[in-house]
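Thanks, everyone, for making time this morning. I would like to walk through a few local features of one model, and I will ask you to keep the structure open while I talk.

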Amino acid sequence: MALISQSTLAKPLIYCADASPEGFDPGLWDSSSTSNITRQLFQGLLSFKRGGTGLQPKLAEQWTVSPDAKTFTFKLRRDVRFHHTTYFKPTRLMNADDVLFTFQRFIDPQQPFNVAFPATFIYPQNLGLTQMLAGVDKLDNYTVRFRLKAPNVTFLDYFAMSFAGIQSAEYAAQLLGRGLAANINNYPIGTGSYRFKSYRKDDVLRLDANPDYWGGKQKTEMLIMSIAREPNVRVQKLLAGECHITAPIRDVDIAAVEGKPKIQLQHIQALNISYLAFNLAKPPTDNRDVREALDIAIDRNALFKALFPRGDAMQAVSAFPPAIPGYNHQLKNEYDPKRAKELLAKAGYKNGLAVDLWALPVARPTNPNGQMMAQMIQQDWAKIGVTAHIKTYEWGEYLKRASKGEHSVYMSGWSGETGDADDFLSPNLTCAANPGGYKFCNAEFDHLVDEARATTDQKKRIALYEQAQVIFKRERPWITMAHSTVYIPMLRDVKGFMMAPNGSLDFENVYRD
């Protein structure tokens, strides 16, 4: 019997992740750490072209959009199989029933699965999907139509976003029948190039190549997500060969990997932003003058020298990067502690005030060190009589508490997927994105965003977005911080990986040579 040489065996690919997934149901979560994992398991009707923002077919082979941008019809790909695992064995191919099940969960609280497993679908909710859709129709087993109440020229992009990964209606029915509906978030079944094998929280996630994948056999048979929250630990693991590719690294870590013979370093100017979000539902941050005072008291120049020593980051002025059409170049940041004190006095806080400042517990390209950022801001605010109590929590707890509005000011960020201004504004700053009442909700702003979404006239859209940003800057729901270049290091034997402008990861057809 001939022995198989080790060189003929597919090498595993180990990715050092920056945080544990919150769960495995893509519709439930909107953090990049989670979506970078669910993207390997689930697929949408469309996807973004690798390395860009253009759309391409995925689970839909063809699509048509009505001239009034109100009707979207998809022809589904045939011969697509859902994952075959120890906990689910599909008996049929993917069809229109799966698409209907996936989207009805987002829009119908009385859908039987939602009754059994009540859930908040963050991204669909923030987009206002329920209010947007007039109906979803199964025209035949492989044709689905989406009808909108009003035109939306950005609607097609939604089908390539991570939240829109198609679920198996057959799997859901089995879970429902067994009284285990919540398992849809713990034991995922998708159509992606990898399938779930095992997970140890805060430690390691193991995925196997999907042998039934419609897109072809993967050269990597095992994809391992090793969870390492400390940025320097991820770099050390990479240098030691304990992982082969890592989550984006900080500016201060680039020197440790740059120029190393066994390391390749990819980078891209990403469509991202970091910001400090105010709680607009409780004092003192419900006062616009207080928000402006806290904003203009921050010395961004000093902060950037400490956090971004390479100079690759750009100070954020508006709600999205200047590379996106519709950016208002007339807006500026200020640093004016004297005027900040005057604004506090005007707001009734002549003798100062105290706020909680939540420090980001994970490193992000736009915020590589949440504690350092918090400490520097704390010092700046102290100069105008504001006492900042710095708090932080484990990542999952941080997100949970922020979603309940427990904060005064918390650090957050966003990566756009489409290269369109709406992708920053609608899910973050419209009234639909404010179910808790503590985020931004402004009727004039909403009207402008809605009107921009409904028009196909690009010049008009740009003008509307420029006007919306004037309101954003006037009301200051955020302290805008940074747009950054994103760096991802990997071993030189990693082939096929391509960075995306939205910072997402796609390991399909990525392998070690």
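At the start of helix α7, a side-chain oxygen of S168 comes to within 3.3 Å of the backbone nitrogen of E170. I should say straight away that this is a predicted model, with a pLDDT that averages 94 over the protein and reaches at least 70 for 98% of the residues. The part I would leave aside is residues 1–8, where pLDDT stays under 50 and for which the model has one contact beyond four places in sequence.

Staying with α7, which spans residues 169–177, the buried residues are A169, E170, Y171, A172 and L175, and what covers them includes α2 together with α3, residues 112–116. Just after the helix, G179 takes a positive phi of about 70°.

How do α2 and α7 pack? Helix α2, residues 96–107, meets α7 at an angle of about 60°, and their axes are 8 Å apart, which makes α2 oblique to α7. On the α2 side the contact is formed by D97, D98 and F101, and on the α7 side by A169, E170 and A172; by character, these residues divide into three nonpolar and three charged, with no polar ones.

Let me turn to a second helix, α10, at residues 288–296. Because eight of its nine residues are buried, α10 is largely enclosed by the rest of the structure. The buried residues are D289, V290, R291, E292, A293, L294, D295 and I296, a list that includes the charged side chains of D289, R291, E292 and D295. The N-terminal end of α10 is capped by N287, which has a side-chain oxygen 2.8 Å from the backbone nitrogen of D289.

My last stop is a loop residue, T430, which lies between α15, residues 422–429, and α16, residues 443–454. Is T430 buried or exposed? Its relative accessibility is 5%, and therefore T430 counts as buried, the cut-off for that class being under 20%. A polar atom of the T430 side chain lies 2.7 Å from the backbone oxygen of S426. Leaving out residues up to four places away in sequence, T430 touches N126, L425, F440, F445, D446 and V449.

That is where I will stop, and I am happy to go back to any of these sites on the screen.

Notes
Residues numbered from 1 in each chain as written. Predicted model: local features only at pLDDT ≥ 70, side-chain atom pairs only at ≥ 80, totals over all residues. Heavy atoms only, no water. Axes fitted to C-alpha atoms, helices over the stretch in contact; angles between N-to-C directions. Helix = DSSP H or I, 4+ residues; strand = E, 2+ residues; numbered from the N terminus. Parallel < 35°, antiparallel > 145°, perpendicular 65-115°, else oblique. Contact = heavy atoms within 4.5 Å. Buried < 20%, exposed > 50% of the residue type's maximum accessible area, 1.4 Å probe, protein only. Polar contact = N/O pair within 3.5 Å; in protein donor to acceptor, adjacent residues only side chain to side chain. pLDDT = per-residue confidence, 0-100.
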